[in-house]
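Q: Got a minute to go through this structure with me? I'd like to talk about charged pairs and strands.

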Amino acid sequence: MPTIAPIDLGSHCLKAGFLNDNAYFALADGTLHWLDEAHKTVTMHDGLLCITPTADNKALITGGEDGRICQTDGKGNVEELAVLPRKWITAVASGPNGAVAYASGRTAWVCEAKGKTTEFAHERSVEGVAFAPKGLRLAVARYNGATLHWAGTAGKPVDLEWKGAHTGAIFSPDGRFLITSMQENALHGWRLEDNRNMRMTGYPAKVKDWSWSPKGKWLATSGAPAAIIWPFAGKDGPMGKAPLELGLRGDTMVTSVACHPVEDIVAVGYQDGMVLLCRFADQKEVLLRRPGKGAISSMGWDKSGERLAYGSESGDCGLINIKW
């Protein structure tokens, strides 16, 4: 049976996960809490807006209301990478070889490990940024689609058009697909070999969280009373295929998802604070946490898949130890 170690942190948890095998909880007030033999805390920003782990998962890249882009390691050392005075940093991404992307207003920047910074201006505000798995190819989510840039080169950008406000971006682990979240209750995608459109609709709410299965065959998403799991194993991805629906609860929305790092199973967090574990193959469910205080806002597994960190919108956080 799973065991739970609760931690009440009192502020909206934007990101929960593991660095150096230690659980961490990044809060909207700009503080980072982590468990390294004891409960430790450091202030990263005066108001945290966006956060992502580095590609090697040894540090966190963050952007704040203070206009700073920072990197914080597993010991709590905060390094300022860049600063945009009087700006809000609305999106960050971590790329290969230490590259970092960040966005504010209508502009996105890529800062390479060698110190070179490339600026990409757009006609409308940049809402999300993501690096492809290989190389310095950056996707920018924007109004009416997405744009692909090659950082550090003179190559022309590639515009992928689809009407509506696109708010986030993510590449498939094999780099074949680009997926965007939208202001409407839908996802959109492109198969990059031919830029063919993929519509993923039918959600009753906005998709605010997503997670790839360990081999990239499935994309788990929130935004419905069940975790919606889209198939990506074939050449066409989810085109013409129905998704799996796991952990269906008719009265409560799924607000967070986290695919297991080894097995085809997913942790599903709900509006009422409940957390379920669901298996893709037979839809078997295991209760990990009963309803609690606040909607589950983020979850993350350790490398082995034996521990799950979770956080809620009210700061009701904790660590679940899984016993297989």
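A: Sure, let's start with a charged pair: the side chains of Glu161 and Arg142 meet in a salt bridge, 3.0 Å from N to O. Keep in mind that this is a predicted model.

Q: Okay, and where do Glu161 and Arg142 sit in the chain?

A: Glu161 is in strand E16, residues 158-171, and Arg142 is in strand E15, residues 137-150. The two are 19 residues apart, so the pair links distant parts of the chain.

Q: Is Arg142 buried or exposed?

A: Arg142 is buried, because its relative accessible area is 9% and the cut-off for buried is under 20%.

Q: And what about Glu161, buried or partly exposed?

A: Glu161 is partly exposed, with a relative accessible area of 44%.

Q: Remind me, why would side chains like these pair up at all?

A: In general, side chains of opposite charge can pair when their charged atoms come close.

Q: How many salt bridges does the structure hold?

A: There are 16. One of them joins the side chains of Arg68 and Asp66, at 3.4 Å from N to O. Asp66 is partly exposed there, at 23% relative accessibility.

Q: Got another one for me?

A: Yes, Arg176 and Asp174 meet through their side chains in a salt bridge, with 3.7 Å from N to O. Both partners count as partly exposed: Arg176 has 25% relative accessibility, and Asp174 has 47%.

Q: Which residues are joined into one network by salt bridges that share partners?

A: That network consists of Arg191, Glu193, Asp194 and Asp236.

Q: Switching topic: what's the order of the strands in the open sheet?

A: The order is E24-E25-E26-E27, four strands with antiparallel pairing.

Q: Which strands stand at the edges?

A: Strand E24 (254-259) and strand E27 (285-289) do. Each has a single partner strand, so one side of each is left without a neighbour in the sheet.

Q: How much are neighbouring strands turned against each other?

A: By 25° on average, with direction ignored.

Q: What about the middle of the order, how many bridges pair E25 and E26?

A: Five bridges, in the antiparallel sense, between strand E25 at residues 265-270 and strand E26 at residues 275-279.

Q: Which residue in E26 is the bridge partner of Gly269?

A: That's Val275.

Q: And what do strands of a sheet pair through?

A: Through backbone hydrogen bonds, either parallel or antiparallel. In this open sheet, the pairing is antiparallel.

How values were computed:
Residues are numbered from 1 along each chain as its sequence is written. This is a predicted model: local features need pLDDT of at least 70, side-chain atom pairs count only at pLDDT 80 or more; totals for chains, interfaces and linings use all residues. Side-chain values use heavy atoms; hydrogens and water are left out. Two strands pair if DSSP finds at least two bridges between them. Axes are lines fitted to C-alpha atoms, for helices over the stretch in contact, and angles run from 0 to 180 degrees between N-to-C directions. A salt bridge is a side-chain nitrogen of Lys or Arg within 4 Å of a carboxyl oxygen of Asp or Glu. Buried means under 20% relative accessible area, exposed over 50%, partly exposed in between (1.4 Å probe, protein chains only).
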